[in-house]
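Here is a walk through one model, starting at the ligand and working outwards. Keep the structure open while you read.

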Amino acid sequence: MKVALVMGSISDWPVVKQTATVLDELGIDYDKKIISAHRMPDHLQQFAKNAKHEHYQAIIAAAGGAAHLPGMLAANTLVPVIGIPVFTKSLNGVDSLLSIVQMPFGVPVATVAVGSSGAKNAAFLAAQMMSMNDENIYHKLVQHRAKQSEEAIKSNEQLK
Ligand code: RP5
């Protein structure tokens, strides 16, 4: 079981790397690729049409600006797509967020937040989807939730 980690440009890698780190921590296998929606439209279509055949459980796609990548991938496959809106200097990533989250009816993209939390949550969401059929991943996620609860409770000590 593996996921695809796709980004529109090498400039997205610092964001997507945070997704990759969480996948590594959870022991989830992934392929990573640059596929630009506007610079590589034929590659995009070929990749998405092959995604089921490649046994990807989910596609995580990061893009910025007029971010067509996640939506166009979703239009070409039934493999679930999780979109990461990448921060942009001109519009602070609001452009990316709206162009990914506002998919019209019938072709969903599960959109996470702009920034680090979103990049990491994309990995957790893919992991949760996979954990429905994988006890090992499920167990790792249970452990992770327990650890973060413990840390939050423990942080009360810093108020003393
Ligand atoms: C999008 O345009 C990419 O996802 C990236 O976030 C943005 C800028 O790309 P570069 O001009 O840095 O290649 O396609």
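## Around the ligand

This is a predicted model, and the ligand in it is surrounded by Gly 8, Ser 9, Ser 11, Asp 12, Ser 36, Ala 63, Gly 64, Gly 65 and Val 86. Sort that shell by class and you get 6 polar residues, 2 nonpolar ones and 1 charged one.

UniProt has something to say here too: an unreviewed entry puts the feature "binding site" at Ser 9, Asp 12 and Arg 39. Ser 9 and Asp 12 are among the residues that surround the ligand in the model.

## Asp 12 and Arg 39

Take two of those annotated positions: Asp 12 and Arg 39. Asp 12 belongs to the loop that joins β1 to α1, while Arg 39 sits in the loop between β2 (29–34) and α2.

Is Asp 12 buried or exposed? Asp 12 counts as buried because it has 24 C-beta neighbours inside 10 Å, and the cut-off for buried is 20 or more. Arg 39 has just 11 such neighbours inside 10 Å, so it counts as exposed; the limit for that class is 12 or fewer.

What does Asp 12 touch, once residues up to four places away in sequence are set aside? The partners are Met 7, Ala 62, Ala 63, Gly 64 and Val 86. Ala 63, Gly 64 and Val 86 also turn up in the shell around the ligand.

## The chain as a whole

Zooming out, the protein chain has 6 helices and 5 strands. Read from the N terminus, the order is β-α-β-α-β-α-β-α-β-α-α. The C-alpha trace spans about 55 × 40 × 30 Å along its principal axes. For 160 residues, a compact globule would have a radius of gyration near 15 Å, and the 16 Å of this chain agrees with that.

Buried residues make up 38% of the 160 residues. Among contacts with a separation of 6 or more, 68% are between residues 24 or more positions apart. As for annotation, an unreviewed UniProt entry has "domain: PurE" covering residues 1–152. Over that stretch the chain is 47% helix and 19% strand, with the end C-alpha atoms 32 Å apart.

## The nonpolar core

How many residues are in the largest nonpolar core? There are 46, and those with the most contacts inside this core are Val 3, Val 6, Ile 59, Ile 60, Ala 61 and Leu 73. Two or more core residues come from each of β1 (2–7), α1 (13–25), α2 (41–50), β3 (56–64), α3 (69–75), β4 (81–86), α4 (94–101) and α5 (116–131).

Val 6 is a handy place to look. Apart from neighbours within four places in sequence, Val 6 is in contact with Lys 33, Ile 35, Ile 59, Ile 60, Ala 61, Leu 69 and Leu 73.

## Gly 83 and helix α4

Gly 83 is part of strand β4. With 29 other C-beta atoms within 10 Å, Gly 83 is buried. Leaving out residues up to four places away in sequence, Gly 83 touches Ala 61, Pro 70, Ile 100, Val 109, Ala 110 and Thr 111. Gly 83 and Ile 59 are 24 residues apart in sequence, with 8.4 Å between their C-alpha atoms.

Ile 100, one of those partners of Gly 83, is also one of the buried residues of α4, along with Ser 96, Leu 97 and Ser 99. Which elements do the buried residues of α4 pack against? They pack against β3, α3, β4 and β5 (110–111).

## Positive phi, and the far end

Two residues that are not glycine are worth a quick backbone check. His 55 has a positive phi near 65 degrees, and its place is in the loop between α2 and β3. Asn 92 also has a positive phi, about 55 degrees, and lies in the loop between β4 and α4. His 55 counts as exposed because it has 9 C-beta neighbours inside 10 Å; Asn 92, with 12, counts as exposed as well.

Finally, Ser 155 is in the segment after α6 (135–154). With 9 C-beta neighbours inside 10 Å, Ser 155 counts as exposed. Ser 155 and Asp 12 are 143 residues apart along the chain, and their C-alpha atoms are separated by 33 Å.

Definitions and conventions:
Residues numbered from 1 in each chain as written. Predicted model: local features only at pLDDT ≥ 70, side-chain atom pairs only at ≥ 80, totals over all residues. Near = placed C-beta within 6 Å. Nonpolar A, V, L, I, M, F, W, Y, C, P; charged D, E, K, R; others polar. Core = buried A, V, L, I, M, F, W, Y, C linked by C-beta atoms within 7 Å. Helix = DSSP H or I, 4+ residues; strand = E, 2+ residues; numbered from the N terminus. Contact = placed C-beta atoms within 7 Å. UniProt positions renumbered as here; feature names shortened; annotations may be inferred. Rg over C-alpha atoms; globule rule 2.2 N^0.38 Å.
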